[in-house]
Amino acid sequence: MYLLYGNETWIKNKRVEELKGTTTEQMNLSMFEGKNCDVSAIIDTGETLPFFSDTKCIIVKDSGLFAAGRKEQTDKLSSWLDNFPEYLVLIFSETNVDKRNKLYKKINKLGKVESCDYPNDIEVRKIINQLYPNPKIETSMFEYFYHRMPQDINYILNEYKKLLSYCGDNPITIEAIEMACSISIEKRVFDLTRAMSRKDSQEALSIYYNLIELKESPIGILVLIAREYRLILQIKYLSRSNATINQIAKEVGLPLFVVKEIISIGKQFKFSQLLEIINLCREVDKDIKTGKMDAVQSIETLIVRCIHLC
């Protein structure tokens, strides 16, 4: 019996396929899904012998049995596992689990529990290269592509497939990534703050105007700008405390190459400048919410003021 849990759907689904093995016949493969799945039906199915096979497989997805709210069902299933049939492969695939849960403890004791969270950038690149071995993406282009993607392997693979189709036999370039891929607002704002740190007002405002044209919320952009500068400040403090780059990356949950870039950006600022920029963001937020200033114009002014502070 297996429990797979975590936020990364692609990895969980891949492990389910690996664990169920060759059990694909409808008579020997059963699926239960959702918080209303019937535990009695799971048990009845598990106690039914496989049909012309040595094994049968039951897959249970997002049942909610590993969190509060289904105690009676959880206890019933947990008790049944004490006499688990040898011919059965039972796989639970869940997003959230409570490790104090009775069923979690039982599977952890009698079976195997695996965490399926989002992997680091090195593992993501391995997945890409395994699925799309030719052509392999150059390191610098992978870093640019990866940093502009959300933490979702399905999304990343879809965007990478689009990128390969767009490039054809041509090499992958920054321009191709920008043209072919849907880049999240968070990553666009990172580019915006990076342009601000370089004092490149033309590039910074161009990115900002493009976001406004795409109907992004000015308040949403402001929140992300403030978050980026808080991150720069946090990493600058961690660097000053003599933390290694690996320790910093683990602390903030970012890839090494991104942390290196943020450290480089942070060197252009004094602590007092970063604090002043963060305070400016708070003031602008207050002015917008009280109707004192127009949202679009006030953030445009903020960008210019921050550039002068750099």
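## Aromatic pairs and nonpolar cores

At 9% relative accessibility, tryptophan 80 counts as buried (buried means under 20% relative accessible area, exposed over 50%, partly exposed in between, with a 1.4 Å probe and protein chains only). The structure is a predicted model, in which local features need pLDDT of at least 70 and side-chain atom pairs count only at pLDDT 80 or more, while totals for chains, interfaces and linings use all residues. Residues are numbered from 1 along each chain as its sequence is written, and side-chain values use heavy atoms, with hydrogens and water left out.

A search of the whole structure gives 11 aromatic pairs. Rings of Phe, Tyr and Trp (its six-membered ring) pair if their centres lie within 6.5 Å; planes under 30 degrees apart count as stacked, over 60 as edge-to-face and the rest as tilted. Two of the pairs are tabulated.

| Pair | Centre to centre | Angle between planes | Class |
|---|---|---|---|
| Tyrosine 5 and tyrosine 104 | 6.5 Å | 75 degrees | edge-to-face |
| Tryptophan 80 and phenylalanine 84 | 5.9 Å | 70 degrees | edge-to-face |

The pair of tyrosine 5 and tyrosine 104 links distant parts of the chain, 99 residues apart: tyrosine 5 lies in strand β1 (residues 2-5) and tyrosine 104 in helix α4 (residues 102-110). Helices (H or I, at least four residues) and strands (E, at least two) are DSSP runs, numbered from the N terminus. Tyrosine 5 is buried at 14% relative accessibility, as is tyrosine 104 at 8%. Elsewhere, ring pairs join Tyr132, Phe145 and Tyr160 into a cluster.

Phe145 recurs in the largest nonpolar core, which has 80 residues; Phe145, Leu163, Ile172, Tyr229 and Ile303 touch the most other members. Such a core is a set of buried Ala, Val, Leu, Ile, Met, Phe, Trp, Tyr and Cys residues joined through side-chain atoms within 4.5 Å. Helix α11 (residues 218-240) gives the most to this core, with 11 residues. Beyond residues up to four places away in sequence, isoleucine 303 touches Leu192, Met196, Ala204, Leu205 and Tyr208 (contact means heavy atoms within 4.5 Å).

A second, separate core of 22 residues includes Trp80, together with Cys37, Leu81 and Leu88. Cys37 is also in contact with isoleucine 42, whose other contacts, leaving aside neighbours within four places in sequence, are Phe32, Ile58, Val60 and Leu77. Isoleucine 42 belongs to helix α2 (residues 39-47) and is buried, with a relative accessible area of 0%.
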